[in-house]
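Reader: I should like to learn how the features of a protein model are read. May we take them one at a time?

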Amino acid sequence: MNTEPPKHKMVYFPNMVNALPSGSGEFRRVLWTGLYSQVVLMTIPVGGDIGEEVHTVDQALTFTSGKAKATVGGEEKDVEAGDLVIVPAGTQHQFVNTGPTPLILYTIYSPAEHNPKTVHKTKEEGDELEEAGKDEAPEWSQKSKKENKDAGLV
């Protein structure tokens with residue numbers, strides 16, 4: 001996992017919507033962190049939820065397995081594998097697994113929301129580490145385009 005700004009090379013996840021997500025059992029696993037975005041894999045157990053929250057970053061969630069009730073900005077929608085939900089920064093949201101199997105999704109935060117090394121086995125572990133300030137995005141992922149250009153990163 002990257003703890004420094006990413007190198008200028010391809011990062012490839014084959015068969016993302018089929019093979020990779022089904023092999024993960026952790027609540028949250030950061031797959032990649034870039035200068036302006038972050039890819040995170042999540043598995044929500046039957047009857048579980050992501051937790052009602054508001055981020056200061058944009059978020060796009062792609063569901064690869066299972067069914068859920070999505071509540072975003074007060075609007076409810078049933079979602080399932082193949083669906084994409086966008087949560088604009090500052091919008092309250094919650095996703096509850098309503099199906100008989102784990103809800104598996106990957107989400108893209110822009111900019112990063114979590115530490116590049118983040119692996120939370122459970123929602124409770126994730127909540128605890130976030131509240132303790134131990135799951136923060138790296139400073140380099142929060143810089144402006146000008147700062148990154150001046151630093152030679154882009």
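**Reading the model, feature by feature**

Author: Let us begin with a single residue: apart from neighbours within four places in sequence, Gln92 is in contact with Glu52, Glu53, Val54, Thr71, Val72 and Gly73. Please keep in mind that this is a predicted model.

Reader: Where does Gln92 lie, and is Gln92 buried or exposed, or something in between?

Author: Gln92 lies in the loop between S6 and S7. Its relative accessibility is 42%, so Gln92 counts as partly exposed, since buried means under 20% and exposed over 50%. As for distance, the C-alpha atoms of Gln92 and Thr118 are separated by 23 Å, with these positions 26 residues apart along the chain counted as their spacing.

Reader: How should one read the interior of a protein?

Author: In soluble globular proteins, nonpolar side chains tend to be buried together. Here the largest nonpolar core has 19 residues, and those touching the most other members are Met42, Ile50, Leu61, Phe63, Val85, Phe95 and Leu105. Two or more residues of this core come from each of strands S2 (38–44), S3 (58–65), S4 (67–72), S6 (84–87) and S8 (103–110). There is also a second, separate core of six residues, among them Leu31, Leu41, Ile104 and Tyr106.

Reader: Which residues is Ile50 in contact with, leaving aside its neighbours within four places in sequence?

Author: They are Phe27, Met42, Ile44, Leu61, Gln94, Phe95, Leu105 and Lys123.

Reader: How is a pair of aromatic rings described?

Author: One gives the distance of the centres and the angle of the planes. The count in this model comes to one aromatic pair. The ring centres of Phe63 and Phe95 are 5.7 Å apart and the planes stand at 45°, so the pair is tilted. Phe63 belongs to strand S3 and Phe95 to strand S7 (residues 93–97), so that the pair links distant parts of the chain, 32 residues apart. Both Phe63 and Phe95 are buried.

Reader: How does one find empty space, and what lines the largest pocket?

Author: Rolling a probe the size of a water molecule over the atoms shows where empty space is left. The largest pocket holds about 190 Å³ of space. Its lining consists of Glu53, Val54, His55, Glu113, His114, Glu130, Asp135, Glu136 and Ala137. Sorted by class, the lining has two nonpolar, two polar and five charged residues.

Reader: What should one look for in the peptide bonds?

Author: Most peptide bonds are trans. The bond from Ser110 to Pro111, however, is cis, with omega near -5°. Pro111 is placed in the loop between S8 and strand S9 (119–120).

Reader: Why does Leu35 count as buried, and where is Leu35 found?

Author: Leu35 counts as buried because its relative accessibility is 9%. Its place is the loop between strand S1 (28–33) and S2. Beyond neighbours within four places in sequence, Leu35 is in contact with Pro5, Pro6, Trp140, Ser141, Asn148, Leu153 and Val154.

Reader: What separates the C-alpha atoms of Leu35 and Trp140?

Author: They are separated by 6.8 Å, although the two residues are 105 residues apart along the chain. Trp140 lies in the loop between helix H2 (123–131) and helix H3 (145–150). At 13% relative accessibility, Trp140 also counts as buried. The C-alpha atoms of Trp140 and Ala68, by contrast, are separated by 34 Å, and these residues are 72 apart along the chain.

Key: Residues are numbered from 1 along each chain as its sequence is written. This is a predicted model: local features need pLDDT of at least 70, side-chain atom pairs count only at pLDDT 80 or more; totals for chains, interfaces and linings use all residues. Side-chain values use heavy atoms; hydrogens and water are left out. A nonpolar core is a set of buried Ala, Val, Leu, Ile, Met, Phe, Trp, Tyr and Cys residues joined through side-chain atoms within 4.5 Å. Buried means under 20% relative accessible area, exposed over 50%, partly exposed in between (1.4 Å probe, protein chains only). Helices (H or I, at least four residues) and strands (E, at least two) are DSSP runs, numbered from the N terminus. Contact means heavy atoms within 4.5 Å. Rings of Phe, Tyr and Trp (its six-membered ring) pair if their centres lie within 6.5 Å; planes under 30 degrees apart count as stacked, over 60 as edge-to-face and the rest as tilted. On a 1 Å grid over the protein atoms alone, a cavity is a set of points where a 1.4 Å probe fits but cannot get out, and a pocket is an open set with protein on both sides within 12 Å along at least five of seven lines; lining residues have an atom within 4 Å of a point. Grid points are joined across faces, edges and corners, and a volume is the space filled by probe spheres set on the points. Ala, Val, Leu, Ile, Met, Phe, Trp, Tyr, Cys and Pro count as nonpolar, Asp, Glu, Lys and Arg as charged, and the others, Gly among them, as polar.
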